[in-house]
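Hello,

Here is the structure I promised to pass on. Please open it first, then read the notes below.

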Amino acid sequence: MPPTVDFYDAPPGLDSVAPGTLVESEESKDVLLPFTDIRVDAEVTRIMYTSTGLDGEAIPVTGTILEPTTPWIGGKPRPLIALAPGTQGLGDQCAPSKLIPLGQEYENLQITPLLAQGYSVAVTDYVGLGTEGIHPYLNRELGGRALLDLARAALSARPDVDRAATPVGLWGYSEGGHAAGAAVELADEYAPELPLVGAFVGAPAPDLLDLAELGDGSLLSGGLGWVVAGLAAAYPNKAEEILGTFNRVGRELIARTSTACIYDALSLNPFVPTTFYTVDGRPILDHLSTDPWRSLVDDQRLGDRAPSVPVFLASNTSDDFVAYRGTKTLGDRWQAGGGDVTRQDLHLPPLLPGTGLGHVLGLVTAGPAMQWMHDRITYTELSTP
């Protein structure tokens, strides 16, 4: 069902609210096919909760909680999977909590199998999707915090359940993999009380330089505007300098990407090289490699700290959007730091490079990840206070 008119407008007084607080909720639904009323068999709730901005301020984030209607018989409280979705775009209309009731959310490919396992699933909209401002695309701190605070909020929505004894898994592929990877790196410091048992981190784009290299001139070439607009939104003091890199055509593209969804990719100048958009005719990769960009790009890189939570790290070696070498390096760094990392490399031949097919096909790694997550949920002993 559609959201109420003002649901995405944050109420006053959030400054004094702790991160992960459930602010408001309303009934929703999960439709499987557009223009039908074929629904997922679950109790669906649209929520707003609090997270933490880059300056430490409380910020509103929206999302969706899905509770299976079938009883849970696993002994422990029903597990919770906090899911970070793949790239949605930057427009407010792209928020998963808005697309799920319309049958337009592709993450149902992962949501429905997780629900079939009997798990509760909570899906974040990320910062700035639906709520005020531009979504800071692939921002490490904001993406990781939003996912951890989603888990906090979803647990608080179950007041009669022992939260400390509830197994919580993190889940994400592509942009979602980046957020899940950021969350496991931040968890010990930001949300040490969460009873995390594991995280699926799929094709996480651990370095924006790799993403810019493969994405330039691809089907999603125009989507690099999401990276630029996201950086400008997250770091407003650098926005003028960042946008000054682009000519009139480039700025027009960035303005269009700021209101576009992933489904609009074919209208965002696909296969056009980024040299067409910069003032000096250099590719965006060259700019990302130098300041003021480089320090901001480095801030989004994963791998600087090893997670204490077990991780299932997966990628397609022929991924044509998210370079496999970056995911491999991430796994190497996490393991070198003592992380418990299970690695799943999918070895497919390159198929239609530049179209994203190699990236999409990597999602099949979610299959073995579900068995791995089942084992973490089943055999991890959680200590209750």
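Start with Pro292, which sits in the loop between α9 (284–288) and α10 (293–299). This is a predicted model. In it, the peptide bond from Asp291 to Pro292 is cis, and its omega is near 15°. For context, most peptide bonds are trans, and most residues other than glycine have a negative phi.

Two residues go against that second habit. Phe35 is not a glycine, yet its phi is positive, at about 65°. Look for Phe35 in the loop between β1 and β2. Phe35 is exposed, because its relative accessible area is 84% and the cut-off for exposed is over 50%. Leu352 is not a glycine either and has a positive phi of about 50°. Its place is the loop between β9 and α12 (357–361). Leu352 also counts as exposed, at 59% relative accessibility.

Now the sheet. Nine strands form it, and it is open. The order is β1-β2-β3-β5-β4-β6-β7-β8-β9, with mixed pairing. β1 (22–27) and β9 (341–346) are the edge strands; each has a single partner strand, so one side of each lacks a neighbour in the sheet. On average, neighbouring strands are turned by 20° against each other, direction ignored.

At the β9 edge, β8 (residues 311–316) and β9 pair in the parallel sense over six bridges. Leu313 has Arg343 in β9 as its bridge partner.

Helix α3 (residues 140–156) packs on this sheet. It touches β1, β2 (42–52), β3 (58–68), β4 (80–84), β5 (120–124), β6 (168–173) and β7 (196–202). The direction of α3 makes about 125° with that of β2.

Best wishes

Technical notes. Residues are numbered from 1 along each chain as its sequence is written. This is a predicted model: local features need pLDDT of at least 70, side-chain atom pairs count only at pLDDT 80 or more; totals for chains, interfaces and linings use all residues. Side-chain values use heavy atoms; hydrogens and water are left out. Two strands pair if DSSP finds at least two bridges between them. Helices (H or I, at least four residues) and strands (E, at least two) are DSSP runs, numbered from the N terminus. Axes are lines fitted to C-alpha atoms, for helices over the stretch in contact, and angles run from 0 to 180 degrees between N-to-C directions. Contact means heavy atoms within 4.5 Å. Buried means under 20% relative accessible area, exposed over 50%, partly exposed in between (1.4 Å probe, protein chains only).
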